[in-house]
Amino acid sequence: MPCCVSQGGNLSLPFRCGWTTGGVEVFKGYRVQYNDSRGPTKGGIRFHPDETIDTVRALAAWMTWKCSVVDIPLGGGKGGVTCNPKNMSAAELERLSRGYIRAIWKILGENTDVPAPDVYTTPQIMAWMMDEYSTIRGCNVPGVITGKPLALGGSQGRGDATARGGIFCVREAAKVLGLNLNGATAVIQGYGNAGQFAHQLAASLLGMKVVAVADSKGGIYNPDGLDFEVTVGHKNKTGSVVNFRDAQNISNEELLAMETDVLFPAALESVITLHNAAQIKAKIVAELANGPTTPEADHILHEAGVYVIPDFLCNAGGVTVSYFEQVQNAYMYYWPLKLVHERLDEKMTAAFHAVHEMATTKKVHNRLAAYLVAVSRVAEAVKLRGWV
C-alpha cells in the first residue's frame, strides 16, 4: 500500500538526570515511512534537540529519492527523538534507545522498515535498538537495524562508505570532464566523519592533494598539501583543525571561494547560497553534506560551468552499504571488505552515469537530472502496483 506514516508520540523514559536520581523525563519521538513502492522503507534515526516531525518527514522523502537514484530496492523512511544526547550518560542513552524501539516496534521489520544511524546515533545505539526489538520478538533479528557493530551483524566497509561513494562519483565526473585527478587539488568544508574520510580517500585512491580543510571553528590552508594523519591527529588533540603548525588559518568563507579542482561541502546545509555561489571557483562540487547548495545557487553554479554532484547521489554510499548489510543479514553470510568496495563502486558508478546521461539528454543541471532519474523509478513502481 502507499506509505506515508508518521509515528510520533511521547516516550516516557525514566532515567537519571544530571546529579539527581530517580527522575523521569518525557521525550518526543518520530518515525516516518514516506514511500515503500520499491521495497521496505529505509532511513536513519537522529537524536537531536531541534528534531521535529517536519524535518523527519522531509528527510524520509529525501531517503526515497536517494535509494531510488542508486537503484537499490528500498523506500524512504526516517526517525528521530527530540533530545540532547551530549547531556546524557551511556546508561541514559541506552534506556532512551530501547524506549524508542518499544514505542514503534510494531511498524518496524526486515521487510517493512529498517532504521540506521544518523546524527548523534552510533553503532552502539543501533546494537541496543536491535537487541530490544529482538527481545520483543523473542528471537534474534539482526536485519531490523543496520549500521550495527561487526560483532552483531554489521557490514565491513560501512565506516567510510559515504565518503568512498562520493570519491567514486568524483572519479567518474573527472572522466567525463577530461580532468586528471592525479595531483589535482581538493578542499573540504566540514571535517567530521565524512570530511576526514574524504581527505584520506582522495589522496589514497585518486592521488589528489588536499590543500585546505575547515570545521566549525575555522579552516587551514597549505598549498603544498595537508598530510591526513597529521591533520587528523591535530584535530583530535585540540578539538579543531585551526592553529595547525603546518598551515595558515583561513575562514570557511575563504575556503569555499578557493580556486581548486574539487570542493567537498561536508558539513551543514545551505553553505553555498545566492550570495556566495558566484565566488565558487571549483571545477567539481561534490556534496557529501545534505543540502549544502540552495536552489538559487544551483542555477548560478550551472551557468558558471561548475559540475555539481548532488547530495543524494554523492553521499548515497552510506545507504548503499546499509543495504548490503541487510542483504548479508538476510542470508547469514558476510562479505569480505574487498567485495563490499567492489559492489559499492559498481552501484555508485552506474548511478552517476544514469544521472549524467539524464542531464546531458535533457540539458538540465545535475540535481534536476538526479530527481528525474529517482522520481521516474518510484513512479514506475507506483504505476506497476496499480496505486495510480
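**Exercise 1. Classify the accessibility of Met-332 and describe its backbone.**

Step 1. At 60% relative accessibility, Met-332 counts as exposed, because exposed means over 50% relative accessible area, buried under 20%, and partly exposed in between (1.4 Å probe, protein chains only).

Step 2. The structure is a predicted model, in which local features need pLDDT of at least 70 and side-chain atom pairs count only at pLDDT 80 or more, while totals for chains, interfaces and linings use all residues. Residues are numbered from 1 along each chain as its sequence is written, and side-chain values use heavy atoms, with hydrogens and water left out.

Step 3. Met-332 is located in the loop between α10 (317-331) and α11 (337-362). Helices (H or I, at least four residues) and strands (E, at least two) are DSSP runs, numbered from the N terminus.

Step 4. Although Met-332 is not a glycine, its phi is positive, at about 55°. Most residues other than glycine have a negative phi.

**Exercise 2. Carry out the analysis for Ser-270.**

Step 1. Ser-270 belongs to the loop between β10 (262-265) and β11 (284-286).

Step 2. Its phi is positive, about 55°, although Ser-270 is not a glycine.

Step 3. With a relative accessible area of 41%, Ser-270 is partly exposed.

**Exercise 3. Describe the aromatic pairs of the structure.**

Step 1. There are 6 aromatic pairs in the structure. Rings of Phe, Tyr and Trp (its six-membered ring) pair if their centres lie within 6.5 Å; planes under 30 degrees apart count as stacked, over 60 as edge-to-face and the rest as tilted.

Step 2. One of the pairs joins Tyr-307 and Phe-352: the ring centres are 6.2 Å apart and the planes stand at 40°, so this pair is tilted. It links distant parts of the chain, since Tyr-307 is in strand β12 (residues 307-309) and Phe-352 in helix α11, 45 residues apart. Tyr-307 and Phe-352 are both buried.

Step 3. The rings of Tyr-323 and Phe-324 have centres 6.0 Å apart and planes at 50°, so that pair is tilted. Tyr-323 and Phe-324 are buried.

Step 4. Ring pairs connect Tyr-323, Phe-324 and Trp-335 into a cluster.

**Exercise 4. Which residue lies over the face of Trp-335?**

Step 1. Arg-343 lies over that face, at 4.4 Å from the ring centre.

Step 2. A charge sits over a ring if NZ of Lys or CZ of Arg is within 6 Å of the ring centre and within 35 degrees of the ring normal.
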